[in-house]
Amino acid sequence: MLIKDGIRMDGRKPDELRPIKIEAGVLYRADGSCYLEWGGNKIMAAVYGPREALPRHIQDPTKAIVNARYNMASFSVEERKRPGPDRRSTEISKVTSEALESVIFTELFPRTTIDVCIEVLDAEAGTRCAGITAAAVALADAGIPMRDLPVACAAGKIDGTVVLDLSSEEDKEGEADLPVAIAPRNEEILLLQMDGHLTYKEFEEALDLAIKGCKEVAKLQRKALLNKYKTFEVE
Amino acid sequence: MMRKIVLPGTEVGDAKSKLPGKGVFKEGDKIYASRLGILSEKGKYINVIPLSGVYDPNVGDNVIGVIQEVFKNAWIVDINAPYPAFLNLENVPWRVEYGETSKYLKVGDVIISTIAAIDEAKNIDISMKCKACRKIEDGIIIEIQPSKVPRIIGKNGSMLATLKKYTQCWIFVGQNGRIWIKGEDEKVNLLIKAIRKIEKEAHTFGLTQRIIKMLGG
């Protein structure tokens, strides 16, 4: 039993997000960085560049390469994860790179790379969405020109109900998971994946719910970035 | 005057009455910010002055570079930009014979140079034929965020004048975020602290007064 009388196991309503905390500019050595806590997820994102792409044969003379690297710490999940890239994190790295690339003005920096490192320190369902959200804040913090601040959020289906932002148990026991990344200004979809089964009607409902969730997270992203430059005490 | 901080994708104006300048882009009838920065309007143009980001080289900038590689007819110089810069042996103030480049500048040497040309593919040519250009032999180099350079210099060089006045150090600020400092050890330490403070608090008001106070004015 995952949902009872419209209240989920952790006490949330179907369209409620887990608590989110975002902090921009936490790393000194990176050009831009972000620390994000989303429910039980703890994620650190760092952006380096644009910098010279090496070795030279990977350079693109027309645009910058966006190179995101999603990595899960061995201690981020209950059972120790074997460190290093695996099938799953390679895939997430690829889809994240492509989602971010579509909002960045890559043509302004030919022959360079923009490296985005997403480190999952603690995982609890929805890490790819949290990763993209954190990466977006880090990119803005690094001063990289973008069309919009991308944001991601998942929706899913548990016990026949479409809900927002699945938790760990809901992800494991539920029927479907639908991570969505958008550019909130014009609702352009940057990433859309689905695991499980949804009817066409349920899919539309879940997509709308996820976009609604994204817009809420987008507000928190903006607040976090403005906070970095606003909260400064004069002694 | 209120300074407004904008984020990528923030609407900053109407394309019918205004023109997009730097750090913004036009989409449809609206102008949006493309990067994190402070909004500024100059005449018909809307600009966003970046608060962060890597050094974006412009022709005419004076930069402090480090020799990375030595060729027979040129040097490759790291100028803290996303691209390496080329210094041809014809663009130095000395008469250098072909193949004798390493007699004049070796790997790791630090120079002040000016950006002579940038082409479409962002190949950068630098030159040492300017007044301030020279090989740096003494003092120390510190690095700051390139976006904070205008604040170190201040309006018409006011901040730089303040720093020079209270520390009696020799200061040269490269547009690429490298600063050359020469002076007494104690004063240099104080100056570095002051520069770090300016870097950290670049977006706040009344900074010059606080710096003067810090330097004991």
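Two strands pair if DSSP finds at least two bridges between them. Helices (H or I, at least four residues) and strands (E, at least two) are themselves DSSP runs, numbered from the N terminus. With those terms in hand, A:D177 can be placed opposite A:D195 in β12(A).

Before going further, a word on the model and its labels. This is a predicted model, in which local features need pLDDT of at least 70 and side-chain atom pairs count only at pLDDT 80 or more, while totals for chains, interfaces and linings use all residues. Residues are numbered from 1 along each chain as its sequence is written, and chains are lettered from A and ligands numbered from 1 in the order in which they are written.

Let us stay with β10(A). Strand β12 (residues 195–196) of chain A is joined to β10(A) by two bridges, and the two run antiparallel. Strand β11 (residues 188–192) of chain A also runs antiparallel to β10(A), with four bridges between them; here A:I182 faces A:I189 as its opposite number. The hairpin of β10(A) and β11(A) has four residues between the strands, and in it A:E187 takes a positive phi near 55°. Strand β8 (residues 151–158) of chain A pairs with β10(A) too, in the antiparallel sense over seven bridges, and A:A154 has A:P179 as its bridge partner there.

How well covered is β10 (residues 176–183) of chain A? Eight of its eight residues are buried, a residue being buried if 20 or more other C-beta atoms, placed from the backbone, lie within 10 Å of its own, exposed if 12 or fewer, and partly exposed in between. The cover is on both faces: A:A176, A:L178, A:V180 and A:I182 are buried on one side, and A:D177, A:P179, A:A181 and A:A183 on the other.

From A:P179 we can step across to a helix. A:A152, A:C153, A:A154 and A:P179 are in contact with A:C129, leaving aside its neighbours within four places in sequence; contact means that C-beta atoms, placed from the backbone, lie within 7 Å. A:C129 sits in helix α2 (residues 127–141) of chain A and counts as buried because it has 26 C-beta neighbours inside 10 Å.

Helix α2 also leads to the largest nonpolar core, which has 82 residues, with A:A135, A:A138 and A:L139 making the most contacts inside it. Such a core is a set of buried Ala, Val, Leu, Ile, Met, Phe, Trp, Tyr and Cys residues joined through C-beta atoms within 7 Å. The biggest contribution comes from α2(A), with ten residues. Apart from this core lies another, of 21 residues, including B:W75 and B:L105.

A:L139 points us onward: among its contacts, leaving aside neighbours within four places in sequence, are A:G32 and A:V47. A:G32 stands opposite A:V47 in β5(A), and seven bridges join the antiparallel strands β4 (residues 32–38) and β5 (residues 41–52) of chain A. Both belong to an open, mixed sheet of five strands in the order β3-β4-β5-β7-β6 (chain A). β3 (20–24) and β6 (65–72) stand at its edges, each with a single partner strand, so one side of each has no neighbour in the sheet.

Finally, step back to the whole. Chain A has four helices and twelve strands, and 48% of its 235 residues are buried. Chain B joins in as well, with 21 residues in contact with 29 residues of chain A.

Methods: Two residues are in contact if their C-beta atoms, placed from the backbone, lie within 7 Å.
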